[in-house]
Amino acid sequence: MEETIEQPIVAQQRAAVREAMQTYMLSLRPTSRANIAASLSRAVRIMSDNRMADPLEFPWWAFNRKAMLGLRALILEIQPPFSIRTVCHTLTSVRSLIRE
């Protein structure tokens, strides 16, 4: 298979996501890591319409304010609704990862 210019770029971006995810997870208490991982997986499932679940595979490098607002709107539309605590936890987890 012939390699395109985009393949190395995507590979570099995925490596950066993995590094950011590892840095973020290591900054947390061990007891918090499972909850944060679940929140990030929830966000990925919502944003990908259940086509993805692994936060390491999600293209976080393309995530911006508009995407964050879209995620918030999608979470609030889900029925039965998530608790406010779950919504806030999910959005905070995503924001924290993006800052890494």
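Colleague: How many Å should the 18 residues of helix H2 span, and how far apart are its end C-alpha atoms?

Modeller: At 1.5 Å a residue, the expected span of H2, residues 30-47, is 26 Å, and the end C-alpha atoms lie 26 Å apart, which agrees. Bear in mind throughout that this is a predicted model.

Colleague: Which residues of H2 are buried, and what general idea helps in reading such a list?

Modeller: An α-helix has 3.6 residues a turn, so residues three or four places apart point the same way. In this structure the buried residues of H2 are Ser32, Ile36, Ser39, Leu40, Ser41, Arg42, Ala43, Val44 and Ile46.

Colleague: What phi does Asp49 take just after H2?

Modeller: Just after the helix, Asp49 has a positive phi, of about 55°.

Colleague: At what angle do helices H3 and H4 pack, and how is that angle to be read?

Modeller: The general idea is that an angle over 145 degrees between the N-to-C directions counts as roughly antiparallel. Here H3, residues 65-77, and H4, residues 84-99, pack at about 160° with their axes 11 Å apart, and the two helices are therefore roughly antiparallel to each other. The crossing in which H3 passes H4 is right-handed.

Colleague: Which residues of H3 and H4 meet?

Modeller: From H3 come Met68, Leu71, Arg72, Ile75 and Leu76, and they meet Val87, Thr90, Leu91, Val94 and Arg95 of H4. Sorted by character, the residues of this contact divide into seven nonpolar, one polar and two charged.

Colleague: Is Ser93 buried or exposed?

Modeller: A residue counts as buried when its relative accessible area is under 20%, and Ser93, whose place is in helix H4, has a relative accessibility of 1% and therefore counts as buried. Leaving aside neighbours within four places in sequence, Ser93 is in contact with Tyr24, Ile36, Ser39 and Leu40; among the buried residues of H2 are Ile36, Ser39 and Leu40.

Colleague: How many helices and strands does the protein chain have, and what percentage of its residues count as buried?

Modeller: The secondary structure comes to four helices and zero strands, which read along the sequence as the pattern α-α-α-α. Of the 100 residues in the protein chain, 30% count as buried, and the C-alpha trace spans about 45 × 30 × 20 Å along its principal axes. Turning to contacts with a separation of 6 or more, residues 24 or more positions apart account for 58% of them in the protein chain.

Key. Residues are numbered from 1 along each chain as its sequence is written. This is a predicted model: local features need pLDDT of at least 70, side-chain atom pairs count only at pLDDT 80 or more; totals for chains, interfaces and linings use all residues. Side-chain values use heavy atoms; hydrogens and water are left out. Axes are lines fitted to C-alpha atoms, for helices over the stretch in contact, and angles run from 0 to 180 degrees between N-to-C directions. Angles under 35 degrees count as roughly parallel, over 145 as roughly antiparallel, 65 to 115 as roughly perpendicular and the rest as oblique. A crossing is left-handed if the near helix is turned anticlockwise from the far one by less than a right angle, and right-handed if clockwise. Contact means heavy atoms within 4.5 Å. Ala, Val, Leu, Ile, Met, Phe, Trp, Tyr, Cys and Pro count as nonpolar, Asp, Glu, Lys and Arg as charged, and the others, Gly among them, as polar. The expected span of a helix is 1.5 Å times one less than its number of residues. Buried means under 20% relative accessible area, exposed over 50%, partly exposed in between (1.4 Å probe, protein chains only).
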